Amino acid sequence: MKLCVVGSGYVGLVTAVGFAEMGHDVVGVDNDVRKVESLSAGRSPIYEPGLEELLLRNMEGGRLSFTTDLAQGMAESLFCFIAVGTPNADDGSADLGAVLAVARQIARSLSGYRVVVVKSTVPVGTSKKVDQVMREELGLAPGVPQERFDVVSNPEFLKEGSALEDVLRPDRVVVGVDNPRVAELMKELYAPFTRNGHPVYLMDVASAELTKYAANAFLATKISFINKMAELCDASGADIMNVRLGMGSDRRIGMPFLYAGVGYGGSCFPKDVKALIHTGEALGIPMGILKEVEAINARQKEIPLDIIDRLHPGGTDLKVAIWGGAFKAETDDIREASALVTLEGCLARGHRVALYDPEAMVNLKARYDGRVTFGKEPYEVLSGADVLCLLTEWRVFRTPDWDRVKKLMRRAVVIDGRNQYDPRDLSARGIECYGIGRGLKS
Ligand code: NAD
């Protein structure tokens, strides 16, 4: 089948590559000229494991190309996916500017019947707005049956860091669709992805739109819940790693997303929780549970700074080494990363920051060059450091050479924001280690 994907970011690009890999003919469209130039040369502008290899393979196979010209991208495509960003507006709601602009542009470029698929994360009711603005562009009356286009909701559940794997082998595909004929087309499009038995859930459009927010808000809640338990652990001398084992092995609860740490970040959880609070309140529904999730998360991000302040009251000009700047491992994405709260708090206090991250250095340098020292490998940032903060759970940080760490640092203090180390083990090696909820008070 032929399709175009508008927006070649984390979601759009991986989606485009995924569909091409399954044999469909795909055109990726983006209005960022540099991005399209890079992609057309076979270079991925983002880091995702395995992405560049599949990008090249499918471009060479003639199933995948990129353009800045939406009309050209749409020319032969039955499906037009919208996968542009939906950041928070000032009031916390999802800013639909890019989604609706693309919808209008699609309407202006229609040369035959098209299925418009909203893949961006959008609040309940947005697909109706897409239908409405497209009708406006085409001079069609609202609500009157028409055969120029259909609008479908198809939220994306991929995780950065394993995005390709998630797209190629999804747990489920959610499709919100009113027209049974279009439902069949969507099933056909996704058939190669669901041969592993994982389902395509066909549902009404509003439910599909809400499902995405419900999923993200639940995962964020799970993280804030375990972080609240970690706070109790620190106050009472219990160890959150034991508590999580004991509770997570109950199958009704489960281990995933039950890690205490310096909070969730990224481009999705913070903004989607905010947008869902806005949606609820606009509907007159108090959203206290999610407001608390946000408040706990904001507090978690401050923990490393609190520990540094406690260890060095009123201190300035400390050297703080940071391991990890990405919002999680296996991505170069630094949007809303917890590490940035520590980094900026340290700079504001007059401390010097030296940082290493395996993949996010380009993004970090673009924002902090000249203010932060960057290392080429983990140990380079440690010399003369007063404290080391582990803030992203990259595998390369899992089993450091502690003797080397100790020798390099001025004072051997580790703040383990991702509970990767055993504080008792480090203590035995003469290193002070502060985890999150490990029952060791500083
Ligand atoms: P992104 O910022 O990485 O990518 C968006 C892309 O759209 C950019 O390349 C931008 O240049 C392009 N764009 C913007 N306006 C355009 C226009 N008018 N025409 C053509 N291209 C345009 O964003 P993302 O992380 O890929 O997220 C996209 C959507 O998917 C968001 O709604 C997000 O909430 C949702 N989502 C993201 C993830 C994730 O992990 N990143 C997961 C699931 C869902």
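**Sheet, domains and ligand shell**

In this predicted model, 6 strands form an open sheet in the order S11-S10-S9-S12-S13-S14, and their pairing is parallel. The edges of the sheet are taken by strand S11 (373–374) and strand S14 (432–434). Each of these two has a single partner strand, so one side of each is left without a neighbour in the sheet. For S11, strand S10 (residues 352–356) runs parallel to it and is joined to it by 2 bridges. Within this pair, Leu 355 stands opposite Phe 374 of S11. Helix H12 (residues 288–311) packs on the sheet, where it touches strand S9 (319–323), strand S12 (387–390), strand S13 (413–416) and S14. The direction of H12 makes an angle of about 155 degrees with that of S13.

The protein chain is divided into two parts, domain 1 (2–202) and domain 2 (229–434). Their C-alpha centres lie 34 Å apart. Domain 1 gives 16 residues to the contact, and domain 2 gives 16 residues. On the side of domain 1 that touches domain 2, 8 residues are nonpolar, 6 are polar and 2 are charged.

The ligand is surrounded by 26 residues, of which Gly 7, Gly 9, Val 11, Ser 120 and Thr 121 come nearest. Helix H1 (10–21) and helix H5 (97–108) are the elements that give two or more residues to this shell. By residue type, the shell around the ligand consists of 11 nonpolar, 10 polar and 5 charged residues.

Terms used. Residues numbered from 1 in each chain as written. Predicted model: local features only at pLDDT ≥ 70, side-chain atom pairs only at ≥ 80, totals over all residues. Near = placed C-beta within 6 Å. Helix = DSSP H or I, 4+ residues; strand = E, 2+ residues; numbered from the N terminus. Nonpolar A, V, L, I, M, F, W, Y, C, P; charged D, E, K, R; others polar. Pairing = 2+ DSSP bridges. Contact = placed C-beta atoms within 7 Å. Axes fitted to C-alpha atoms, helices over the stretch in contact; angles between N-to-C directions. Domains from an automatic or database assignment.
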